[in-house]
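Hi,

Here is the structure I promised to pass on to you. Please open it alongside this email so that you can find each place as you read.

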Amino acid sequence: MLLSLLLLIPFLGALALILWPGSPSGARLRDVSIVLLVVQCLASFALLLPFDAADAGLQLVEQARWVHAIGLDYALALDGLSLPLVLMNGVLCLVAAIASRTIENRPRVYFALLLVISGAVNGAFLAQNLLLFFLFYELELIPLWMLIAVWGGANRAYAATKFLIVTAVSGVLILGAFLGIAFVTGTMDFSLRPILAGELGMTAQLLLMGALLIGFGIKIPLFPFHTWLPDAHTEASTPVSVLLAGVLLKLGTYGLLRFCLGLFPDAWQLASPWLAGWAAISVLYGSLAAIAQTDMKRMVAYSSVGHMGYVLLAAAAATPLGLMGALFQMVSHGLISGVLFLVVGVVYAQTGTRDLNVLRGLLNPQRGLPLTGSLMIIGVMASAGIPGMAGFISEFLIFRGSLQPFPLATLLSMVGSGLTAVYFLLLVNRAFFGRLAIAPGEVVNPRILNRVALREQAPAIALSLGVLVLGLAPELLSNLSEAATTGLSLITRDLS
């Protein structure tokens with residue numbers, strides 16, 4: 001019942017907001033949403049009490065017959081792979097609601113959509129039935145499209161439509177693969193289990209796994225399926241960007257591990273050298289594309305393309321250390337990208353621009369945004385893999401776990417990691433150092449920026465603390481997930 005609460009709280013909360021009589025203010029709706037998400041977050045962390053980290057299997061299983069005739073049953077469970085992602089979803093959805101301070105246009109719908117996304121993501125991470133996972137996977141699509149299309153920037157219609165079409169293709173491929181499993185195995189059993197070599201030939205396994213790979217590759221996104229992401233981030237509001245990068249992309253990486261590797265271990269082993277090469281290309285492309293950006297938000301968006309490529313590299317290696325690094329990368333990237341997008345949002349709100357050719361001197365303590373700049377530096381250092389921060393732990397585990405099976409792809413990805421320091425150093429140097437200027441030519445008597453209230457910086461400060469805590473005490477995460485990631489690696493043969 002505890003797992004079902006993680007669905008009931010946000011879904012019933014969204015329904016309550018929609019049916020709320022009268023015309024409640026945006027502030028009131030925001031407060032209620034925050035309370036609901038606090039309760040959901042506490043319920044998520046309460047899972048730590050009954051959870052046995054030494055058990056690699058499924059725990060807290062909840063099952064009920066639903067539409068059994070087509071193989072759709074209500075089946076939820078938890079393991080060390082899904083628990084950290086559920087916790088991260090609870091934290092980042094709460095942060096997004098807290099950061100939504102200026103919603104005056106249709107606040108009732110806005111906060112209801114946030115709650116629906118939170119519940120859908122929880123459902124996807126907990127689902128143990130293929131069709132149930134697909135329902136939750138698709139359930140977040142329309143709410144996120146609406147959040148971009150209604151509350152986004154000037155080109156929101158184009159960005160939202162592109163997001164909707166491209167990610168809908170992802171869903172079609174995933175559903176097709178799930179139905180293909182039923183067709184070729186001759187069963188309507190959509191429960192999660194590895195496909196046995198005796199049930200499917202290698203050709204069928206490769207075709208079905210290929211459809212899932214492309215479907216989840218679009219969601220992650222990996223090169224060349226990434227084109228929707230920079231546009232969506234550029235036009236989305238700051239809280240929506242936090243959700244998009246921190247939570248929604250992880251549905252793709254989670255699917256990569258749970259379904260591609262988990263369902264087709266033999267086909268995955270055969271394709272792994274090609275997947276490692278794909279990962280290296282995605283890492284390098286994302287890093288080089290980020291260097292070319294002058295919009296702060298697009299730079300952070302392209303960085304996600306590169307950083308998600310590390311997850312594919314680790315998954316291709318499928319070593320216990322690599323898979324632990326993949327999970328660590330998912331969590332650390334969620335926190336770090338949240339910090340970066342929140343800081344970029346503050347800069348844009350204060351200056352009216354994100355253009356690195358215009359911004360200067362924001363770290364200036366007399367006239368700029370010193371705390372904002374300090375938070376940006378923390379986020380940049382974590383993303384670049386500076387020791388003592390969560391980004392370093394995840395990259396070290398991935399590279400160490402992938403180096404032996406795929407030395408060339410790993411070395412190329414390490415080059416991409418070095419390029420991360422390059423483009424974020426460009427961002428910090430251009431926007432936060434030098435003389436303060438927030439308009440072309442405005443360098444002689446630059447206007448003083450308004451001080452940012454501490455409460456507006458609180459979400460970024462909290463996430464920054466999380467980045468530091470996981471960097472200094474990585475066992476908080478590794479102890480939860482070691483058994484599960486090791487078990488996942490054991491279903492594949494030794495790739496060395």
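Below is what turned up, starting with the pockets and ending with the charged pairs. Please keep in mind that this is a predicted model.

**The pockets**

Rolling a probe the size of a water molecule over the atoms shows where empty space is left. Here the largest pocket has a volume of about 780 Å³. Its lining is made of 27 residues, and those closest to the centre are T102, T238, P239, G345 and A349. Which helix gives the most to this lining? That is α13, with seven residues. Helices that each supply at least two residues to the lining are α9 (228-235), α10 (238-263), α13 (320-351) and α17 (454-472). Sorted by class, the lining of the largest pocket holds twelve nonpolar, ten polar and five charged residues.

Now turn to the second largest pocket, with about 510 Å³ of space. Its lining has 21 residues, and F45, L87, V91, L335 and L470 lie nearest the centre. How do the residues of this lining divide into nonpolar, polar and charged? There are 20 nonpolar residues, one polar residue and no charged ones. At least two lining residues come from each of α3 (83-99), α13, α17 and α18 (475-490). You can therefore look for α13 and α17 at both pockets, since each of them supplies at least two residues to the lining of the largest pocket and to that of the second largest pocket, with helices defined as DSSP runs.

**A patch on the surface**

Next, look at the start of the chain. M1, L5, L8, L12, L15, I18 and L19 form a nonpolar patch on the surface, and together they have about 660 Å² of accessible area. L19 belongs to helix α1, which covers residues 2-19. Is L19 buried or exposed? L19 counts as exposed because its relative accessible area is 59%, above the cut-off of 50%.

For contrast, try A318, in the loop between α12 (296-317) and α13. A318 has a relative accessibility of 6%, so this residue counts as buried, the limit being under 20%. If you want to practise finding distances, A318 and S383 are 65 residues apart in sequence and 23 Å apart in space, C-alpha to C-alpha.

**The salt bridges**

Side chains of opposite charge can pair when their charged atoms come close. In this model the count comes to six salt bridges.

- R258 pairs with D79, and their closest N and O atoms are 2.8 Å apart. This pair links distant parts of the chain, as R258 sits in helix α10 and D79 in the loop between β2 (72-78) and α3, 179 residues apart. Both R258 and D79 are buried.
- E140 and K219 meet through their side chains at 2.6 Å, N to O. E140 lies in the loop between α5 (130-139) and α6 (141-151) and K219 lies in helix α8 (residues 202-219), so this pair ties together parts that are 79 residues apart in sequence. Both E140 and K219 are buried.
- K162, D231 and R298 are joined into one network by salt bridges that share partners.
- R30 and D31 form a salt bridge at 4.0 Å, N to O. R30 counts as buried because its relative accessibility is 14%, whereas D31 is partly exposed, with a relative accessible area of 40%.

Enjoy exploring, and write back with any questions!

Best wishes

Note on methods:
Residues are numbered from 1 along each chain as its sequence is written. This is a predicted model: local features need pLDDT of at least 70, side-chain atom pairs count only at pLDDT 80 or more; totals for chains, interfaces and linings use all residues. Side-chain values use heavy atoms; hydrogens and water are left out. On a 1 Å grid over the protein atoms alone, a cavity is a set of points where a 1.4 Å probe fits but cannot get out, and a pocket is an open set with protein on both sides within 12 Å along at least five of seven lines; lining residues have an atom within 4 Å of a point. Grid points are joined across faces, edges and corners, and a volume is the space filled by probe spheres set on the points. Helices (H or I, at least four residues) and strands (E, at least two) are DSSP runs, numbered from the N terminus. Ala, Val, Leu, Ile, Met, Phe, Trp, Tyr, Cys and Pro count as nonpolar, Asp, Glu, Lys and Arg as charged, and the others, Gly among them, as polar. Patches are made of residues with over 30% relative accessible area and no salt bridge: like charges are joined within 9 Å, nonpolar side chains (Val, Leu, Ile, Met, Phe, Trp, Tyr) within 5 Å. Accessible areas come from the Shrake-Rupley method with a 1.4 Å probe; for residues, only the protein chains shown count as cover. Buried means under 20% relative accessible area, exposed over 50%, partly exposed in between (1.4 Å probe, protein chains only).
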